[in-house]
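Student: Hi, I have just opened this one and would like a walk through it. Could you start with a residue and then work outwards?

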Amino acid sequence: MEWVGFMRGALGLTMWWSRRILLSHGDHAGRARARREDPVKTLVHEFVHVRCPELRHGSEFRQIEIDLWNRLTNPTAER
């Protein structure tokens, strides 16, 4: 994971070939004031891209993202 300056509106980017995640410091700072975007949520989103490169944004992708977020925020919950 690496912080970068601005990515023109993207909060994060996954580079599959190198398994690197870039997070945009500038875009997060701007959105954090307006919508309270959490960089950890962006990181979770990008982890889904790393672990499931065949998936694109859609209902299955979103469900994996939600499940991962719930496991991180409530580790003692039943699965």
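Tutor: Let us begin with Arg 51, keeping in mind that this is a predicted model. Arg 51 has a relative accessible area of 64%, and because that is over 50% it counts as exposed.

Student: Where does Arg 51 lie?

Tutor: Arg 51 lies in helix 2, a helix that spans residues 39–51.

Student: And how far is Arg 51 from Trp 16?

Tutor: Along the sequence Arg 51 and Trp 16 are 35 residues apart, while in space their C-alpha atoms are 9.4 Å apart. A comparable pair to look up is Ser 18 and Val 50, which are 32 residues apart in sequence and 9.8 Å apart from C-alpha to C-alpha.

Student: Where is Ser 18, and is it buried, exposed or in between?

Tutor: Ser 18 sits in the loop between strand 2 and strand 3, and with a relative accessibility of 33% it counts as partly exposed.

Student: What else is in that loop?

Tutor: Arg 19 is also found in the loop between strand 2 and strand 3, and at 56% relative accessibility Arg 19 counts as exposed. Its backbone deserves a look too, since Arg 19 has a positive phi of about 55 degrees although it is not a glycine.

Student: Why point out the sign of phi?

Tutor: Because most residues other than glycine have a negative phi.

Student: OK, back up a bit. What is the overall layout of the chain?

Tutor: The chain has 3 helices and 3 strands, and from the N terminus on these elements run β-β-β-α-α-α. Of its 79 residues, 29% count as buried. If you take the contacts between residues at least 6 apart in sequence, 28% of them join residues at least 24 apart.

Student: How are the strands arranged?

Tutor: The 3 strands form an open sheet in the order 1-3-2, with mixed pairing. Strand 1 (2–4) and strand 2 (12–15) stand at the edges with a single partner strand each, so one side of each is left without a neighbour in the sheet. From one strand to the next, the twist averages 25 degrees.

Student: How do strand 2 and strand 3 run, and what joins them?

Tutor: Strand 2 and strand 3 (residues 20–24) run antiparallel and are joined by 4 bridges. Together they form a hairpin with 4 residues between them, and Arg 19, which we met above, is in the turn.

Student: Which residues face each other across that pair?

Tutor: Gly 12 stands opposite Leu 23 in strand 3, and Thr 14 has Ile 21 in strand 3 as its bridge partner.

Student: Where does helix 2 sit relative to the sheet?

Tutor: Helix 2 packs on the sheet, where it touches strand 1, strand 2 and strand 3, and its direction makes about 150 degrees with that of strand 3. One residue to look at here is Glu 46, which lies in helix 2. Leaving aside neighbours within four places in sequence, Glu 46 is in contact with Gly 12, Leu 13, Thr 14 and Ile 21.

Student: Is Glu 46 buried or exposed?

Tutor: Glu 46 counts as buried, because its relative accessibility is 5% and the cut-off for buried is under 20%.

Student: Switching topic, how does helix 2 pack with helix 3?

Tutor: Helix 2 and helix 3 (residues 59–73) pack at an angle of about 125 degrees, and their axes are 9 Å apart. That angle makes helix 2 oblique to helix 3, and helix 2 passes helix 3 in a right-handed crossing.

Student: Which residues make the contact?

Tutor: On the helix 2 side they are Val 40, Lys 41, Val 44, His 45, Phe 47, Val 48 and His 49, and on the helix 3 side they are Phe 61, Ile 64, Glu 65, Leu 68, Trp 69 and Leu 72. By type, the residues of this contact divide into 9 nonpolar, 2 polar and 2 charged.

Student: What does His 45 touch, and is it buried or exposed?

Tutor: Not counting residues up to four places away in sequence, His 45 touches His 57, Phe 61 and Glu 65. His 45 has its place in helix 2, and at 17% relative accessibility it counts as buried.

Methods: Residues are numbered from 1 along each chain as its sequence is written. This is a predicted model: local features need pLDDT of at least 70, side-chain atom pairs count only at pLDDT 80 or more; totals for chains, interfaces and linings use all residues. Side-chain values use heavy atoms; hydrogens and water are left out. Axes are lines fitted to C-alpha atoms, for helices over the stretch in contact, and angles run from 0 to 180 degrees between N-to-C directions. Helices (H or I, at least four residues) and strands (E, at least two) are DSSP runs, numbered from the N terminus. Angles under 35 degrees count as roughly parallel, over 145 as roughly antiparallel, 65 to 115 as roughly perpendicular and the rest as oblique. A crossing is left-handed if the near helix is turned anticlockwise from the far one by less than a right angle, and right-handed if clockwise. Contact means heavy atoms within 4.5 Å. Ala, Val, Leu, Ile, Met, Phe, Trp, Tyr, Cys and Pro count as nonpolar, Asp, Glu, Lys and Arg as charged, and the others, Gly among them, as polar. Buried means under 20% relative accessible area, exposed over 50%, partly exposed in between (1.4 Å probe, protein chains only). Two strands pair if DSSP finds at least two bridges between them.
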